[in-house]
Amino acid sequence: GASIMRKMKDGITETLRKDVMEISSLAIDYFGDKLYYSVPKMQKITRITLDGAFEANLPITTMARNLVIDSQLAKICWIYSQNAIECSKLDGSQKEAIDKFGMWEDNKIVNMAIDQINHLLYITIYNPISAERYSFYEKEIGGNGNRTKIGSLNTKRIHSQIQYLDRKLFFIQNSNEFVT
């Protein structure tokens, strides 16, 4: 199982939620003061208030990993089954796949970060048989247009989620190198 915890100002740790299954990822809606988390084995995304007082499952069934939120657009996006990126409104309505790979292709979507100012997703694609094992793409959250390749890297492994800040991507590669 897994727990979602928060540290109070007085230093006391409080458990907001416990789940018997793996909690795959967390994302915060800064405008709505809500936390979203996914439990892929239960095929659900849950929304709770930051104080833990209110909880609701979104009315969608999906194996979501790597949640990201654009609060200004009121959208939540996630990686579905390593071959698609899906998004919906924060209430779970208007779910759509905004990008896909063929199910049997060697390319797998393994990571994603968000630029909430420009409403862009930064997508990491892994291909174990390519000379460029990791390729990085940029895609509009609105789903308009194709993804644009912005770089690539041939490394053994990316060991963390990628993060976006101030027009840069950050991650850890090969378990001991911080990359920007």
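Among contacts in the protein between residues at least 6 apart in sequence, 31% join residues at least 24 apart. The model behind this value is predicted. Its secondary structure comes to 0 helices and 17 strands. Of the 180 residues in the protein, 42% are buried. The accessible surface is about 10100 Å², and carbon and sulfur atoms account for 49% of that area.

Two of the sheets can be followed strand by strand. One is an open sheet of 4 strands, in the order β3-β4-β5-β6, with antiparallel pairing. Its edge strands are β3, residues 25-29, and β6, residues 55-57, and each of these pairs on one side only. From one strand to the next, the twist averages 20 degrees.

Within this sheet, strand β5 covers residues 44-49 and is joined to β6 by 3 bridges, the two strands running antiparallel. One position to look at is T46, whose bridge partner in β6 is N57. The loop between β5 and β6 holds D51. Is D51 buried or partly exposed? D51 has a relative accessibility of 44%, and because buried means under 20% and exposed means over 50%, D51 counts as partly exposed. D51 can also be placed relative to D33: the two residues are 18 apart in sequence, and their C-alpha atoms are 9.1 Å apart in space.

Another open sheet has 4 strands in the order β7-β8-β9-β10, and its pairing is antiparallel. Here β7 (64-70) and β10 (96-100) stand at the edges; each has a single partner strand, so one side of each is left without a neighbour in the sheet. The twist in this sheet averages 25 degrees from one strand to the next. The partner of β7 to examine is strand β8, residues 75-80, which pairs with β7 in the antiparallel sense over 5 bridges. In that pairing, A64 stands opposite Y80 of β8. When reading along any such strand, it helps to recall that in a regular strand the side chains alternate between the two faces of the sheet.

Further along the chain comes the hairpin of β11 and β12. Strand β11 spans residues 108-115 and is mostly covered, with 6 of its 8 residues buried. Strand β12, residues 120-126, pairs with β11 in the antiparallel sense over 7 bridges. Across this pairing, N111 stands opposite T124 in β12. The hairpin has 4 residues between the strands, and H119 takes a positive phi near 60 degrees.

The last features concern aromatic rings. A pair of aromatic rings is described by the distance of the centres and the angle of the planes. How many aromatic pairs does a search of the whole structure find? The search finds 1. The pair is formed by Y126 and Y134, with 5.1 Å from centre to centre and 45 degrees between the planes, and it is tilted. Y126 has a relative accessibility of 22% and therefore counts as partly exposed. Y134 has a relative accessible area of 6%, so this residue is buried. A further ring, that of Y137, has R147 lying over its face, at 5.5 Å from the ring centre.

Methods. Residues are numbered from 1 along each chain as its sequence is written. This is a predicted model: local features need pLDDT of at least 70, side-chain atom pairs count only at pLDDT 80 or more; totals for chains, interfaces and linings use all residues. Side-chain values use heavy atoms; hydrogens and water are left out. Two strands pair if DSSP finds at least two bridges between them. Axes are lines fitted to C-alpha atoms, for helices over the stretch in contact, and angles run from 0 to 180 degrees between N-to-C directions. Rings of Phe, Tyr and Trp (its six-membered ring) pair if their centres lie within 6.5 Å; planes under 30 degrees apart count as stacked, over 60 as edge-to-face and the rest as tilted. Buried means under 20% relative accessible area, exposed over 50%, partly exposed in between (1.4 Å probe, protein chains only). A charge sits over a ring if NZ of Lys or CZ of Arg is within 6 Å of the ring centre and within 35 degrees of the ring normal. Contact means heavy atoms within 4.5 Å. Accessible areas come from the Shrake-Rupley method with a 1.4 Å probe; for residues, only the protein chains shown count as cover.
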